[in-house]
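Please open the model in a viewer and keep the sequence panel visible. The tour below proceeds by selection, with a short account of what each selection shows.

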Amino acid sequence: MAPRINARDREALRVLPRLMQRKVDGALRGSVEDLRDVVGSLNQLKDVTPLLLPVFHAQLEAYPVPDRISPDVVPVIMLAKWSMGGIVQICHNLGNNISLGERIVHDAIASKWHMLFPWMQFFSNNFLPPSQRPAALPHGLSVSTYEALRITIHPLSTLCQFTATGRQLMRMNPTVQAFFFRAWVIVDGLKSDDVADPLREGDKNLSALIRANMCSLSVICMEDTPASLPVSIIASAAGGTFPMASLALRYIRRMTKEVANMPEPRLRARENVDFSSMTVCATGLAQAILFMQSLGDREGGCQELLLQIGSIRTVLSAVTTLWERLLTPAWNSSDNEPDIGLAARRRVLYIAYRYIGYSMNCANDSALVISQALQHGLLECLLRTGSSRAERVDNTKRFDDDHDIQLLKELPRFFVFSKVLRVLHPALQRLDRVDLEERASQDPVLWEVWQAVDSAARTFTNFHELPEGAPFYRYQCCSLKCSVNFSEDDVTAYRCSGCMLTRYCSKDCQKDAWESGHRIHCRMLRSALGNQDVREIRKSLPVIAMIESWICEERVNEIKALDKDTVKTSPDDRSIVEVDLSVYPIELNLYSLRDYFLVCGSHTFEREVAESITTSEESPYDLVAVKVRLGREYYSLFSPSTTLGVAFGWTSGIQGGRYIHDHSQTPDT
């Protein structure tokens, strides 16, 4: 069936130049050459190009989509190729004109989606690797990888940019999602030469721009979709969960490399092609990080796998590599433009920091997340990327949405865990060597927060390095009659299944310790762990105990003031101080014992353990509880300092808020 258009559309074409009208007539008679010439002239026709949409639609509607490639369907495929290319070009010429674009894109793509999508699938299946096409194409058939990619992706991209219909398709249609993520996998495997545009020779940014476009579309697909559907579709397209996670990281690494390798723009303004390409690709990098976070956040996602294969390192590497290029001011009006200005480029860094903050709050082993981040330069990045004088930042609003400040403020609550403290000390030493004060102090809000964080970091790392901060019960037999030492990972050691803390070199030593007093201390030790077997709390208990002792000594007057305001239900009711290490600055709360168990419910230690402890009349408080957080979980620990002292004779060495033993340095207070 020959292509046909209605009389009204044909009449509208009379505004075209006569030569172009003859080419259109030839195209409607099935001439591939004439249709190619029509498409090649679209950039010269400018505002009248939408009049040609019925011609392109007629070509696609006239012929069924072939089942396979064969010589007899070559003319049909070539007519479809040029028709799809013409539609894409008309939409591409819209730029960012949303008001005009919504109507034209609706007419060009949305209203004809049922007809366009089968052709998009055909070109994807037959001309993108791995394709179903024969090794040698029939004579006259010419479809490059770039042309197939353009036909496959650009209609979706344009539809999502200009219409709610397109975004709804990406979010809710499993067939469209599967189609897109197949292309997402394919684009990752393409080299720059594979996507070269014959009409744009030497354009080295083309592959980067295509990947940036894929990153933006992938985020749209994950918005407001059923929790498990997209992840399963992506995993299926990628060949499994591990390949999916690896691809997500590879997109971030490639976008980082693409932006880093782009030539430095001579002029940082919209009209400069290199600068425009850099900002588009930087935005694509931010979208790639957002997509990775979405993969981990969904039901059936792969958050822990992403962390295991290096997501924190990858994100911080992007910040380290690109921060200077992104934050270099143009010192002209473009610095204030919403889509390419300094604030827009800074958002790339904020999204990276947001991912790290999300991971440390949600990962199963959040202490490991912070450890990795510190090892790979988180502190250096935060101090280097503070706002500069060129950005005209309103400091009164600096806390609202700025993820660098939020992340920095949350770090100290992890400084109570040994795994973090082990890498925090070298991180502080690196900072001392590079001296970032001049750069960081340009941002007064960041600098003020950092000074408080730095003080806490140096105090707590000192505690960790003191002998009292070592988890001695992990290295030696806990029987009083035994002096055997063993390594922390010695699998031959016997661990008490009650308290989950003490270890013994033999069953005989374990039995002897039980009879010598562990039967009394066991429940107390387990309560000091919050009645949970959490490895990081077990390893960090002495450090937590030292911080508890230091806070209670340093802020004793604050505790006395709280005690006056606490209402007790009876003269015999006791008070309990909660040292809240799950927030920073560290908070103190004081409850009656009865109210404390009402507030905490089952998420705390046993009441009988608290009631078994007697307190001297001189003490400003009766009991202490310590609150810590790992990931999404909060843990209420019965006073680690008291427990270690009762069970092992341990002392913190802190008196009057200062460390009084002779064998090490004194922490700052």
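Is Glu 558 buried, partly exposed or exposed? With a relative accessibility of 34%, Glu 558 counts as partly exposed, because that class lies between the limits of 20% and 50%. The model is a predicted one, and every value in this tour is computed from it.

**Salt bridges**

Keep Glu 558 selected and add Arg 555: the two form a salt bridge, and their closest N and O atoms are 3.0 Å apart. Salt bridges with shared partners also join Lys 23, Asp 34, Arg 36 and Asp 37 into one network, which may be selected as a group. In total, the structure holds 24 salt bridges.

Next, select Arg 10 and Asp 25, whose side chains meet in a salt bridge at 3.2 Å, N to O. This pair links distant parts of the chain, 15 residues apart: Arg 10 belongs to helix H1 (residues 7-12) and Asp 25 to helix H2 (residues 18-28). Arg 10 counts as partly exposed at 40% relative accessibility, and Asp 25 counts as partly exposed at 31%.

Move to Asp 533 and Arg 538, where the side chains meet in a salt bridge of 2.7 Å, N to O. Here Asp 533 is partly exposed, at 36% relative accessibility, whereas Arg 538 is buried, with a relative accessible area of 8%.

**Helix H19**

Select residues 366-375, which make up helix H19. Eight of the ten residues are buried, so the helix is largely enclosed by the rest of the structure. The buried residues of H19 include Ser 366, Ala 367, Val 369 and Ile 370; Ser 371, Gln 372, Ala 373 and Leu 374 are buried as well. Extend the selection to Gly 377, just after H19, which takes a positive phi of about 90°.

**The four-stranded sheet**

Now display the open sheet of four strands, whose order is S4-S3-S5-S6 and whose pairing is mixed. Strands S4 and S6 (633-638) stand at the edges with a single partner strand each, so one side of each is left without a neighbour in the sheet. From one strand to the next, the twist averages 25°.

Begin within the sheet at strand S3 (residues 575-580), which is mostly covered, six of its six residues being buried. Show the side chains: Ser 575, Val 577 and Val 579 point one way from S3, while Ile 576, Glu 578 and Asp 580 point the other way. In a regular strand, side chains alternate between the two faces of the sheet.

Which strand lies antiparallel to S3 and is joined to it by six bridges? That strand is S4 (residues 587-592), and S3 and S4 form a hairpin with six residues between them. To inspect one bridge, select Ile 576 together with Tyr 591, its bridge partner in S4.

Turn to strand S5 (residues 623-630), which pairs with S3 in the parallel sense over five bridges. Val 579 and its bridge partner Val 626 in S5 offer one pair to select. S5 also pairs with S6, in the antiparallel sense and over six bridges; Ala 625 has Phe 638 in S6 as its bridge partner.

Finally, add helix H28 (residues 593-600), which packs on the sheet and touches S3, S4, S5 and S6. The direction of H28 makes about 115° with that of S4.

Notes: Residues numbered from 1 in each chain as written. Predicted model: local features only at pLDDT ≥ 70, side-chain atom pairs only at ≥ 80, totals over all residues. Heavy atoms only, no water. Buried < 20%, exposed > 50% of the residue type's maximum accessible area, 1.4 Å probe, protein only. Helix = DSSP H or I, 4+ residues; strand = E, 2+ residues; numbered from the N terminus. Pairing = 2+ DSSP bridges. Salt bridge = Lys/Arg side-chain N within 4 Å of Asp/Glu carboxyl O. Axes fitted to C-alpha atoms, helices over the stretch in contact; angles between N-to-C directions. Contact = heavy atoms within 4.5 Å.
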